[in-house]
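Student: I'd like to go through this structure with you, one question at a time. Could we begin with the charged side chains?

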Amino acid sequence: MGYSLTEFCHDVRAILRESDDREGREQVRQKLETLLGDRDFCATYVGPGNDAGMEQIYEDPELHFCVLAYNMTEPRTSPPHDHGASWAVYGQAAGHTDMTVWSTTDDAGRLEPVRTFRLAAGQAGLFDVREIHSIDYTAGAKFVRVTGVDMTDQERRVFDTATGEVREVQGVSTSTAR
C-alpha cells in the first residue's frame with residue numbers, strides 16, 4: 001500500500017502539534033523516508049517527466065510547514081547556510097547529495113566542517129533551527145525538502161568560508177503549489 005503526500009502532510013501535522021522540537025522533526029525525517037518509498041509520489045513530483053527546478057507542492061494552512069520538490073539538471077554546491085528560525089529536512093529521491101554540517105570557530109564567523117554524510121535515494125537528513133549546513137548534489141539529483149515555514153520571506157545566514165563573511169539574506173521565491 002502506498003503513502004501519499006496527503007497522508008504524509010497529515011502525519012507531519014500530527015507530529016508537530018505534539019512535538020515541534022528536534023524529536024518531532026526527527027519523526028518528520030523518518031516519515032519523509034517513508035514518502036520517498038512511494039512510487040506514485042515520486043513519479044508525480046520527482047520523476048523523470050517533471051520540469052527542472054524547485055516547486056512548492058504543499059503549505060500547511062495551520063502550522064505553515066512546506067513541502068518542496070527539486071528536480072535539478074545541473075550539479076550545485078551551496079555555500080554553508082542556515083534556515084534562520086526554521087528547520088529543514090532533505091530527502092533524496094534520485095542521485096545523491098553530500099551534506100556537510102558546519103560549526104563556527106570564532107566571532108569572525110569562520111567555519112569548520114563537523115560532519116559530512118551522503119544522502120542516497122530513499123534517505124533523509126535533518127537540519128534543525130540555525131544549524132549551519134551545505135549541500136552538494138549531482139546533475140539530475142531529485143529531492144524533497146520540508147521546512148518549518150515558507151522560506152520565501154525568512155532571513156537566514158550565508159557564510160563565505162574563505163573570508164569568514166556572514167551575509168543575512170531574505171528567502172527565495174517558489175512556484176505555486178499544485
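Student: Which residues are linked with Arg22 and Arg25 in a network of salt bridges?

Tutor: Happy to start there, and please keep in mind that this is a predicted model. Arg22 and Arg25 belong to a network of salt bridges. Their partners in that network are Asp20, Asp128 and Glu131.

Student: Is Glu131 buried or exposed?

Tutor: Glu131 sits in the loop between E7 and E8. Leaving out residues up to four places away in sequence, Glu131 touches Arg22, His81, Asp82, Val101 and Leu126. Buried means under 20% relative accessible area. Glu131 has 19% relative accessibility, so this residue counts as buried.

Student: How many residues apart in sequence are the parts that Arg130 and Asp82 tie together?

Tutor: The two side chains form a salt bridge, 3.9 Å from N to O. Arg130 is in the loop between E7 and strand E8 (133-137), while Asp82 is in the loop between strand E3 (76-77) and E4, so the bridge ties together parts whose separation in sequence is 48 residues.

Student: Are Arg130 and Asp82 buried, exposed or partly exposed?

Tutor: Let's take them one by one. Asp82 has 0% relative accessibility and so counts as buried. Arg130, with a relative accessible area of 38%, is partly exposed.

Student: Which strand holds Arg157, the residue that meets Asp82 in a salt bridge?

Tutor: The side chains of Asp82 and Arg157 come to 2.6 Å, N to O, and both residues are buried. Asp82 lies in the loop between E3 and E4, so its bridge to Arg157 ties together parts 75 residues apart in sequence. The strand that holds Arg157 is E10 (residues 155-159).

Student: What is the distance between the closest N and O atoms of Asp98 and Arg118?

Tutor: This pair links distant parts of the chain, 20 residues apart, with Asp98 in strand E5 (residues 96-104) and Arg118 in strand E6 (residues 111-120). The two residues form a salt bridge, and their closest N and O atoms are separated by 2.7 Å.

Student: How many salt bridges does a search of the whole structure find?

Tutor: The pairs we have discussed include Asp82 with Arg157 and Asp98 with Arg118. Searching the whole structure gives a total of twelve.

Student: Turning to the sheet, which strands stand at the edges?

Tutor: The sheet is open, its five strands are paired antiparallel, and their order is E1-E2-E9-E4-E7. Each edge strand has a single partner, so one of its sides is left without a neighbour in the sheet. The strands at the edges are E1 (53-59) and E7 (124-127).

Student: Which residue in E2 stands opposite Gln56?

Tutor: E1 pairs with strand E2 (residues 66-71) in the antiparallel sense, over six bridges. Opposite Gln56 stands Leu68.

Student: At about what angle does H2 run to E4?

Tutor: Helix H2 (residues 22-36) lies across three strands: E4 (88-94), E7 and E9 (142-147). Relative to E4, the helix runs at about 15°.

Student: Which helix gives the most to the largest nonpolar core?

Tutor: That core has 26 residues, and those with the most contacts inside it include Leu5, Phe8 and Leu32. Outside its neighbours within four places in sequence, Leu32 is in contact with Phe8, Val89, Tyr90, Gly91, Ala124, Val144 and Val146. The helix that gives the most to this core, with six residues, is H1.

Key
Residues numbered from 1 in each chain as written. Predicted model: local features only at pLDDT ≥ 70, side-chain atom pairs only at ≥ 80, totals over all residues. Heavy atoms only, no water. Pairing = 2+ DSSP bridges. Helix = DSSP H or I, 4+ residues; strand = E, 2+ residues; numbered from the N terminus. Contact = heavy atoms within 4.5 Å. Axes fitted to C-alpha atoms, helices over the stretch in contact; angles between N-to-C directions. Core = buried A, V, L, I, M, F, W, Y, C linked by side-chain atoms within 4.5 Å. Buried < 20%, exposed > 50% of the residue type's maximum accessible area, 1.4 Å probe, protein only. Salt bridge = Lys/Arg side-chain N within 4 Å of Asp/Glu carboxyl O.
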